[in-house]
Amino acid sequence: MAYLELNNIYKTYGQGDTEAEVLSNINLSIEEGEFVAIVGFTGSGKTTLVNLINGLIEPTKGEVLFKGEPVSGTSHERGVIFQNYSLLPWLTVGQNVYMAVKEAFPKKSKKELQEIVADYVEMVSLTPAINKRPKELSGGMRQRVAVARALAMKPEMIIMDEPLGALDALTRGNLQDEILNIWGKEKRTALLITNDVDEGIYMADRIIPLRPGPNATLGPEFKIDIERPRDKTELNDNANFKKTRNAIIEYLMDIGEERKSDSIEEIILPDLSPKDFVNQFKYKIL
Amino acid sequence: MKQSLTLGKVTKFIGLGFLSTIKDLFTGNIDKEDFKTLLRKTIVPLASILLFIGLWHMGAKALYNKEADFKIEKALTDQGQAAADAMEACIASGDVSCKPNTLPSPSQVWDSYKSLLRDHNIIAADKAAFKEKTAALNEKRVADGLDEITYTGRPSFVDQIFRSLKTVFAGFLLALLIAVPLGIFIGLSPTLKSAFNWFIQIFKPVSPVVWYLLVFMIVKTLLIDSNEDSSFTISFISVGLCSMWATLVNTAMGVSSVDKDYINVAKVLKLGSFQKIFKVVLPSSLPLIFTGLKITLSVAWMVLIAIELLAQSPGLGLFVWEEFQNGANDSNAKIIVAMFVIGIIGFLLDRLMLTIQNWVSFDKTDAI
């Protein structure tokens, strides 16, 4: 049995005529310790999928199984790194992490909790900024706080919703390495949602494209057979990398084209003729 | 890193940033851009104040002349030429008996201000003397288990300002204690919201006078056994009830419109409801709550005058009313003094709230 399983998931928003199906027939299974990336266009329903897995929303049809149990509500076993950091601006870096740790380990003493906070803040190398507030930090630093907050709760699975989407290429690369480092060290299961194919190939064991919504569904999976640790510069010359990358991009481009041709449909204009204003007003006046 | 406090930072924080520009002017530490700012922020307001006083002066003079002409004209038609001449001479001499009663000029208001201050000094001295005189006696009375003898003389203008401030702060505190918790509950629960909505919509526009009468009806009966003067209680409760609506509505709105991201964080961290309210919902709605409190304080100060006047509770409102009834030759000027004092204190209270707001709440534009 897989670690995380999504069976025939459908998710619709609205009701009746305004009902819109965002996800349809999603099937996914992730094994323990695996690093899976889901790649898709913006607006294809990636965040909806993430929220289904972390328990913030419930599927309209189908079931999400985590370790064989259906998911109901959020859980500390599944840590989430949000797309827009979602740090609380009125708390410092340390307090943001502390709040999470305190909830995850209610039985530990204050001193133990503070040690955990210090460890994880150190891990993302933000110890000098531990007493700063999020607005004093750069985007990359904020995302590192979010990473520390999610990991400090020691979740069994990390769910990342485009965590590096808003960062510049260099910061992005550094953070990718940091996340991989932590993942490798603690061997947790990870699910990465991204719109960057290269990022997916660099980080994941398996890439699954998400066909764009409405009615988004998962495409065929691509296995990444590149040994870890992977080297970014060498990766560019790796034949395997090129092959996989081209295959995924081709697939995504194809569905992009498909979507475009779908949307061009003939619009039949209604048969209208202008109203005769002169006569209308003439009668009124008379 | 600890940042040093400079005059510039402090004045900017309390919203009086132009003060540091003035300092720069004196220390010569100024360039062209700053000079333009200085011009806009200090010279222009000063010029407009002077213009205002000038217009006021001319307006008062015109009204004075109109009133004087009318008086002379009336004397002429009623009593003949001799009486008119006498009246003209009387007005020119500035005698109290025939002084035209109209809008006082700025200089008269300034004189009244000085006389009120003099009056305050006399009363303060009187009070101090009284205290000294009765000190020994009071000690003895306390030892015997009797009440102390207190000064029962007329309150000075400054005393009345403090009485008014006391009423406003008591009312504001009442509004805070009722509106903030109620607003939080209403914001959190749609059921409570629909339960209270009609209540808020109906009572929000009720006038201060009606609030006073309502509170009077209730408090009078509640305190029927007490010999204490209930005017203060009635006036501060009325002020509080009258001014609490802005805070109530703003708090409810702030609480019900917390950023979805923060709510998601609270859910993912599985915060308990107590933690969720105090760690996420309240801090995030603080800016709106403070906006409400700021409005509440200014409304409280505004309705205070009307309510003090009705409740006969000592303070600036009563002062204005008594001066109006009094009709002495400088009454009008004293009313204008009270008007300016009320305005300036209102402005300072607003600054005070702004300072507290800057201090406690995070910058909403920098959120996330």
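Visitor: Where is Gln312(B) placed in chain B?

Guide: Look in the loop between α11 (273-311) and α12 of chain B. Keep in mind that this is a predicted model.

Visitor: What makes the phi of Gln312(B) worth pointing out?

Guide: The phi is near 55 degrees, a positive value, and the residue is something other than glycine.

Visitor: Why is Gln312(B) called partly exposed?

Guide: Buried means under 20% relative accessible area and exposed means over 50%. Gln312(B) has 45% relative accessibility, so it counts as partly exposed.

Visitor: Over in chain A, which strand holds Asn25(A), and what is its phi?

Guide: Asn25(A) is in strand β2 (residues 20-30) of chain A. Its phi is positive, about 50 degrees, although Asn25(A) is not a glycine.

Visitor: Is Asn25(A) buried, exposed or partly exposed, and why?

Guide: Use those two cut-offs again: under 20% for buried, over 50% for exposed. Asn25(A) comes out at 34% relative accessibility, so partly exposed is the right label.

Visitor: What makes you describe strand β7 of chain A as mostly covered?

Guide: Count the buried residues: β7 (residues 157-161) has 5 of 5. Buried here means under 20% relative accessible area.

Visitor: Which residues of β7(A) point one way, and which the other?

Guide: Met157(A), Ile159(A) and Asp161(A) go one way, while Ile158(A) and Met160(A) go the other, and all are buried. Here's the general idea: side chains in a regular strand alternate between the two faces of the sheet.

Visitor: How do you know that β7(A) pairs with strand β6 of chain A?

Guide: Pairing takes at least two bridges. Strand β6 (residues 78-81) has 4 bridges to β7(A), and the two run parallel, so by that cut-off they pair. You can spot Ile81(A) standing opposite Met160(A) in β7(A).

Visitor: How many bridges join β7(A) to strand β8?

Guide: There are 5 bridges to β8 (residues 189-194) of chain A, again with the strands parallel. As at least two are needed, this counts as a pair too. Met157(A), for instance, has Thr189(A) in β8(A) as its bridge partner.

Visitor: What do β7(A), helix α5 of chain A and β8(A) make?

Guide: Together with α5 (residues 169-186), the two strands make a right-handed β-α-β unit.

Visitor: What makes helix α1 of chain A mostly covered?

Guide: In α1 (residues 46-54), 8 of the 9 residues are buried. Among them are Lys46(A), Leu49(A), Val50(A), Leu52(A) and Ile53(A). Right after α1(A) comes Gly55(A), with a positive phi near 95 degrees.

Visitor: Back to chain B: how is it divided?

Guide: Into domain 1 (31-98) and domain 2 (155-366). Taken over C-alpha atoms, the centres of these domains are 38 Å apart.

Visitor: How much space lies in the second largest pocket, and which residues are closest to its centre?

Guide: About 440 Å³. It is lined by 24 residues, and Lys99(B), Pro100(B), Thr102(B), Gln108(B) and Asn329(B) are the closest to the centre. Elements giving two or more residues to the lining are α3 (32-79), α5 (106-143), α12 (316-326) and α13 (331-360) of chain B. The largest share, 4 residues, comes from α3(B).

Visitor: How many of the lining residues of the second largest pocket are nonpolar, polar and charged?

Guide: There are 9 nonpolar, 10 polar and 5 charged residues in that lining. Domain 1 and domain 2 of chain B each supply at least three residues of the lining.

Note on methods: Residues numbered from 1 in each chain as written. Chains lettered and ligands numbered in written order. Predicted model: local features only at pLDDT ≥ 70, side-chain atom pairs only at ≥ 80, totals over all residues. Heavy atoms only, no water. 1 Å grid on protein atoms, 1.4 Å probe; cavity = no way out; pocket = protein on both sides within 12 Å on 5 of 7 lines; lining within 4 Å. Points joined across faces, edges and corners; volume = space filled by probe spheres on them. Nonpolar A, V, L, I, M, F, W, Y, C, P; charged D, E, K, R; others polar. Domains from an automatic or database assignment. Buried < 20%, exposed > 50% of the residue type's maximum accessible area, 1.4 Å probe, protein only. Right-handed = clockwise from strand over helix to strand, strands pointing away.
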